[in-house]
Amino acid sequence: MNAHEIDYEIYGEEMQYVEIELDPQEAVVAEAGSFMMMDSDIKMDTIFGDGSNQEKGVLGKIFSAGKRMLTGESLFMTAFLNIGQGKKKVSFASPYPGKILPIDLSEKQGKFICQKDAFLCAAKGVQVGIEFSKKLGRGLFGGEGFIMQKLEGDGMAFVHAGGTMAKKELKAGEVLKVDTGCIVGFSQTVDYDIEFVGGIKNTVFGGEGLFFATLRGPGTVYVQSLPFSRLAGRVLASIPRGGKDKGEGSILGTLGDIVGGDRGF
């Protein structure tokens, strides 16, 4: 099915949300938990999968939902349909500090590949599927495994990037090396593989992991400065073990914090 044509506007700087304007009978689908607010006369409905195979009956719905389960996402998504007479608006918020990236799939040859938890919402009709890696090294060590998400269709989709986002336009044969967790997504013309960092000192003491991703053009690559896994790791590392931190508030604890700095976990 052709995706619904939707208008949108993105608000905010560090904690963004996207406001989508729906004409009568237009709809948008979103991940559970991303909803922020909506006008009256918008009907909210929970559906199997992404809503792109609803006309194919029960088997189409099960197949669509099954693809999402392979990526670790919920079997269900939420559809927001404008059942009123005039234009109505519905908004979706980013899950953590970062940027919302609008993707016009008609400008990406109908396909965009992204990390598994990057998808936020899309016009109804956009297919949210899976992209299998055909390379053993990428599947074992690439951070995203054998499976990434792919967005297909001719409508608008919105993905989320943590921190500050960089857009890189790669020429044919041009290579960009990226931390595996910092990839947001890339166009289907980009070749994605992983490469061993190399060197004993880099491997043992570098602290950047054993592998990084190599992205070879031509195509567009989007990179995030703060992947959620890195943010969660820092939060977990700062949690006191065994209850309250005994050094907190003491002279020795304060001096230790000064000496240790931000990385003294």
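## Strand pairing, salt bridges and a nonpolar patch

L176 has L215 in β18 as its bridge partner. The model discussed here is predicted. The two strands concerned, β15 and strand β18 (residues 211-216), run antiparallel to each other and pair over 4 bridges. Within strand β15 (residues 175-178), the side chains alternate between two faces. L176 and V178 point to one face and are buried, whereas V175 and K177 point to the other and are not buried.

**Salt bridges**

Side chains of opposite charge can pair when their charged atoms come close. The structure holds 7 salt bridges, and three of them are listed below with their N to O distances.

| Basic residue | Acidic residue | Closest N to O distance |
|---|---|---|
| K99 | E13 | 3.9 Å |
| K87 | D23 | 2.5 Å |
| K167 | E169 | 3.7 Å |

The salt bridge of K99 with E13 has an N to O distance of 3.9 Å. K99 belongs to strand β8 (residues 98-104), while E13 sits in the loop between β1 (7-11) and β2 (17-22), so this pair ties together parts that lie 86 residues apart in sequence. E13 counts as exposed because its relative accessibility is 58%, and the cut-off for that class is over 50%.

In the salt bridge between K87 and D23, the closest N and O atoms are 2.5 Å apart. Here both partners lie in loops: K87 is in the one between β6 (76-82) and β7 (88-93), and D23 is in the one between β2 and β3 (27-30), so the contact ties together parts 64 residues apart in sequence. K87 is partly exposed, with a relative accessible area of 48%. D23 also counts as partly exposed, at 25% relative accessibility. Together with E21, the residues D23 and K87 are linked in a network of salt bridges.

K167 forms its salt bridge with E169. At 52% relative accessibility, K167 counts as exposed.

**Nonpolar surface patch**

Which residues form a nonpolar patch on the surface? The patch consists of F35, M36, M37, M38 and M44, which together have about 430 Å² of accessible area. Strand β4 (residues 35-38) gives the most to this patch, with 4 residues. M36 has its place in strand β4 and counts as partly exposed, because its relative accessibility is 38%.

Technical notes. Residues are numbered from 1 along each chain as its sequence is written. This is a predicted model: local features need pLDDT of at least 70, side-chain atom pairs count only at pLDDT 80 or more; totals for chains, interfaces and linings use all residues. Side-chain values use heavy atoms; hydrogens and water are left out. Patches are made of residues with over 30% relative accessible area and no salt bridge: like charges are joined within 9 Å, nonpolar side chains (Val, Leu, Ile, Met, Phe, Trp, Tyr) within 5 Å. Accessible areas come from the Shrake-Rupley method with a 1.4 Å probe; for residues, only the protein chains shown count as cover. A salt bridge is a side-chain nitrogen of Lys or Arg within 4 Å of a carboxyl oxygen of Asp or Glu. Buried means under 20% relative accessible area, exposed over 50%, partly exposed in between (1.4 Å probe, protein chains only). Two strands pair if DSSP finds at least two bridges between them.
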